[in-house]
Amino acid sequence: MLELKNIIKTYPEFKLDDISFRVDDGDHFIILGPSGAGKTQILEILAGLVDPDEGNVIVDGKDITGCKIQSRPFGIVFQDYAIFPHMSVRENISYPVRFKGSGSKQVLSMVAEQAEAMEIGHLLDRMPKTLSGGELQRVALARTLIREPKYLLLDEPLASLDVSLRQGLRSLLKEINDKGQTIIHVTHDYEEALVLANRVAVINQGRMVQIGSADEVFHNPGSEFVARFTGVKNYFAARLYREQDRQYGELANGRVLRLNTDEPEGKGFVILRGEDIFISLENLPTSATNQMKGQILEISPSPFGFEVLIDTGTRFYARITRESLQNLALRPGKEVWISFTSKA
Amino acid sequence: MRFQPFQLFLILLSGLVLLFIIGPLVGIFVATSPDQVFNTSRDPEVQRSIGLTLWVSMAATLAFAIGSIPLAYLLARKDFALKRLVLGIIDLPIVIPHSAAGIAVLGFVSRDSYLGKLGSMVGLDFVGAPAGIAVAMAFVSIPFLINAARDGFSAVPLRLELAALNLGASPARVFFSISLPLAWRNIVSGLILMFARGMSEFGAVIIVAYYPMVTPVLIWERFSSFGLSHARPVAVIFILVSLIFFIALRLLSRTKKDA
């Protein structure tokens, strides 16, 4: 178990102020916040690259705050990967285990195994400058994981990948976490947090704003900042499947939604932004792939206008402007139709 | 096209400066007959002095590299009080007159000095000996190595060193496996500069050791005793030797990088 206690660190331009959190073994813990919030700095303090002014880093009850970088149980994958440019992929991956008393045969088989798991087995003899960003990232992951760190630290691992590569890396991270690897991962992308994290800490301007399970943070944002930043209230665990070239998601309550997605079949999430839900008074013909009837439960002011909670058997939050609210004369109890095109 | 006259003016000035460098060198080759060069190259005194100059400068460069490279690394990576002063001190040998540097070095290594006494205890003489020449050469040429190596280490991303530490490497292993290889190209060019500067040194060396005679001193001796026509062939040969070494080492450092 990892604990951060009251970490304070002052930088020329901002300050990490009283950061505390706990990460249990096996967690996929995501630190979510806008850029400049101090996320990377937290990872640097964990790894010992930077010493905090105050506070403690405690691993399994042992205070490691002043410990040397090389004896800490953290493996970090930097946002720019920090691949050694003068070494081949094989030499990069074997770097942590060479000279560690392992025989060279054993090292080679460890490298092969790790490269296979990261799907870069065919790149072992290449030099880093010939690799793409996605490939470099997998090299960095293999190089870090070969040392079997207790905690894997990831700095915005999906940010610099193009969309087509993200899905692959997401499943890879999921797989690594499922095998029991504890992951601490910083990102500014709430979707990443939704899909991967079991616990989420939201940080803004150097302060922890909310910590909890992904569910808690997204469904019960503790502050306007969290609500605004996380942005999504409509998210549902779903079973994704295909039929006749169309994708569907079956929600926990049995409701089936038409989806527009490339996600593989199986367990997944349906994510729907409040702005993407349209409210009408009748069942109008639209191009949206999902339409359903429901009753308004609640209307509350939100940063962008109003948030309307509609119960259709499943509860959806729609965001609308004041103008629409008045034009449609919406009020709690009224029956309306909602329509949306959803993605997974 | 508006700037054409101005560009012509720039080219003209640049050409003059290049001519200024190339002119005297071409002139010395033109003024010296191949016969003279050939005969002088068979002169044992010339051969001995060139051999001495090369190996002493090489030895001085390598010996002082052992301390200079770590110093350069510290200067590139650490901030400490009086760092600017240290950087200034390192550049001092470049700005002080080399004869004055020679006097200073002589005081430092003479038989009465601590270093001189220490040396004579183990049978090492500095004054009028290769060891003294090496110290004089190193004194005036060491800034070139330190500065080049420092630039090299500064250009190695700190992130790579931190990543290596995070992967469990000790600071020593990080230095030898990451910092040194990545700064190597700059270090080699620093070594070449130091070697070249050391072997061409005259002022500091002549004060510490007139004999055994390094080639720059020999050229001066031939000139002052016998005149220009006797000094010129030695100078031509030494310029050729320097060029050959300079080009060879440059090529060597380039292939190292590509490999």
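**Entry 1: a helix pair in chain B**

I looked up the handedness with which helix 4 of chain B and helix 7 of chain B cross, and found it to be left-handed. I note that the structure is a predicted model.

I then took the geometry of the pair. The axes of helix 4 (residues 83–95) of chain B and helix 7 (residues 130–154) of chain B cross at roughly 135° and come within 7 Å. Helix 4 of chain B is therefore oblique to helix 7 of chain B.

Next I listed the residues that make this contact. Helix 4 of chain B supplies B:Leu87, B:Ile90, B:Asp91, B:Pro93 and B:Ile94. From helix 7 of chain B come B:Phe139, B:Val140, B:Pro143, B:Phe144, B:Ile146, B:Asn147 and B:Arg150. I sorted the residues of this contact by character and obtained nine nonpolar, one polar and two charged.

**Entry 2: chain B against chain A**

I turned to the contact between the chains. Chain A contributes 24 residues to the contact and chain B contributes 18. The size of an interface is often given as the accessible area lost when the parts come together. For chain B and chain A I recorded about 1,800 Å² buried between them, with 63% of it on carbon and sulfur atoms.

I asked which residues of chain B lose the most area to chain A. They are B:Arg159, B:Asn166 and B:Leu167, which together account for 42% of what that side buries.

**Entry 3: salt bridges**

I counted two salt bridges between chain B and chain A. I examined the one that B:Arg159 forms with A:Glu44, where the closest N and O atoms are 3.7 Å apart. B:Arg159 thus appears in my notes both for this salt bridge and among the residues of chain B that lose the most area to chain A.

Notes
Residues numbered from 1 in each chain as written. Chains lettered and ligands numbered in written order. Predicted model: local features only at pLDDT ≥ 70, side-chain atom pairs only at ≥ 80, totals over all residues. Heavy atoms only, no water. Axes fitted to C-alpha atoms, helices over the stretch in contact; angles between N-to-C directions. Helix = DSSP H or I, 4+ residues; strand = E, 2+ residues; numbered from the N terminus. Parallel < 35°, antiparallel > 145°, perpendicular 65-115°, else oblique. Left-handed = near helix turned anticlockwise from the far one by under 90°. Contact = heavy atoms within 4.5 Å. Nonpolar A, V, L, I, M, F, W, Y, C, P; charged D, E, K, R; others polar. Buried area = accessible area lost by both parts, 1.4 Å probe. Salt bridge = Lys/Arg side-chain N within 4 Å of Asp/Glu carboxyl O.
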